[in-house]
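Student: I would like a close look at a single part of this model, taken slowly and with the distances and angles stated. Please begin with one charged side chain and then work outward to its surroundings.

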Amino acid sequence: ARCIKLGGAPAGPAGTGKTESVKDLAKALAKQCVVFNCQEGLDFIAMGKFFKGLAMSGAWACFDEFNRIDLEVLSVIAQQVSSIQQAMQSGAKRFDFEGCEI
C-alpha cells in the first residue's frame with residue numbers, strides 16, 4: 001500500500017493494538033503519526049483543514065473510532081482522501097485541495 005500511495009485500514013476488536021501498531025510502523029519508517037479521535041458531530045470542513053495540514057507536513061494519520069463519523073460526512077471525507085491520493089499517485093509536487101494550493 002505504501003509503494004502505491006494508498007492507506008491502510010487495520011480492523012479488529014477493541015484493545016488489540018491497531019493504533020499502537022500503526023504508530024510503531026510510522027516510527028520505524030521515520031514518519032510523524034497523528035492520532036485523531038473521531039467523534040459524532042465531526043464535520044467535513046474540520047477534516048479538510050486536518051487533511052491540509054497532513055498533506056503539507058507529510059505526516060501519517062491514524063483515525064480512532066472512525067465508525068462514529070456520520071455517513072454524510074464520511075462521503076465527503078472519502079472524496080477528500082481520494083483527491084490527496086490521486087495527487088500523490090501522480091507525483092504532483094503541488095495540487096488544489098478545497099480551493100487551496102498545497
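Tutor: What follows starts at one lysine and moves from there to the charged pairs, the strands, the aromatic rings and the backbone. Please keep in mind throughout that this is a predicted model.

The lysine in question is Lys 52, which belongs to helix H2, the run of residues 44–57. Lys 52 is buried and yet takes part in no salt bridge, and the nearest side chain of opposite charge, that of Glu 98, lies 6.1 Å away. Since a salt bridge requires a side-chain nitrogen of Lys or Arg within 4 Å of a carboxyl oxygen of Asp or Glu, the 6.1 Å between Lys 52 and Glu 98 does not qualify. Leaving aside residues up to four places away in sequence, Lys 52 touches Phe 97, Glu 98, Cys 100 and Ile 102. Glu 98 is thus one of the residues that Lys 52 touches, although the two form no salt bridge.

Two of these contacts deserve a further word. Glu 98 sits in the loop between strand S3 (96–97) and strand S4 (100–101), and with a relative accessible area of 43% Glu 98 is partly exposed. The backbone of Glu 98 has a positive phi of about 55°, although the residue is not a glycine. Most residues other than glycine have a negative phi. Phe 97, for its part, is buried, as is Phe 95. The rings of Phe 95 and Phe 97 have centres 6.4 Å apart and planes at 70°, so this pair counts as edge-to-face.

Which charged side chains do meet in salt bridges? The structure holds three salt bridges. In one of them, Arg 94 meets Glu 101 with 3.6 Å from N to O, and both Arg 94 and Glu 101 are exposed. Another joins the side chains of Glu 20 and Lys 23 at 3.1 Å, N to O; both residues lie in helix H1 (residues 18–28), three residues apart, which is about one turn of the helix. Glu 20 counts as partly exposed because its relative accessibility is 43%, and Lys 23 is likewise classed as partly exposed, at 33%. A further salt bridge is formed by Glu 65 with Arg 68, where the closest N and O atoms are 3.5 Å apart. Here Glu 65, at 36% relative accessibility, is partly exposed, and Arg 68, at 41%, is partly exposed too.

Returning to the helix that carries Lys 52, we can place H2 among the strands. Strand S1 (residues 33–37) and strand S2 (residues 60–64) run parallel and are joined by five bridges. The chain passes from S1 through H2 to S2, and this β-α-β crossover is right-handed. Within the pairing, Val 34 stands opposite Ala 61 of S2. There is also an approach from the segment before H1, which is where Gly 8 is found: the C-alpha atoms of Gly 8 and Cys 62 are separated by 9.4 Å, although the two residues are 54 residues apart along the chain. Gly 8 itself is exposed, with a relative accessible area of 71%.

The aromatic rings can be followed in a similar way. A search of the whole structure finds seven aromatic pairs. In the pair of Phe 63 and Phe 66, the ring centres are 5.7 Å apart and the planes stand at 55°, so the pair is tilted. Phe 63 counts as partly exposed at 24% relative accessibility, and Phe 66, with a relative accessible area of 32%, is partly exposed as well. Phe 63 and Phe 66 also belong to a cluster in which ring pairs link Phe 36, Phe 50, Phe 51, Phe 63 and Phe 66.

One last backbone feature belongs beside that of Glu 98. Lys 5, in the segment before H1, has a positive phi of about 60° although it is not a glycine, and with a relative accessible area of 37% Lys 5 is partly exposed. To return to the starting point, Lys 52 is buried without a salt bridge, and its contacts include Glu 98, which is itself partly exposed.

Conventions:
Residues numbered from 1 in each chain as written. Predicted model: local features only at pLDDT ≥ 70, side-chain atom pairs only at ≥ 80, totals over all residues. Heavy atoms only, no water. Helix = DSSP H or I, 4+ residues; strand = E, 2+ residues; numbered from the N terminus. Buried < 20%, exposed > 50% of the residue type's maximum accessible area, 1.4 Å probe, protein only. Lys, Arg positive; Asp, Glu negative; His and termini not counted. Contact = heavy atoms within 4.5 Å. Pairing = 2+ DSSP bridges. Right-handed = clockwise from strand over helix to strand, strands pointing away. Phe/Tyr/Trp six-rings, centres within 6.5 Å; stacked < 30°, edge-to-face > 60°.
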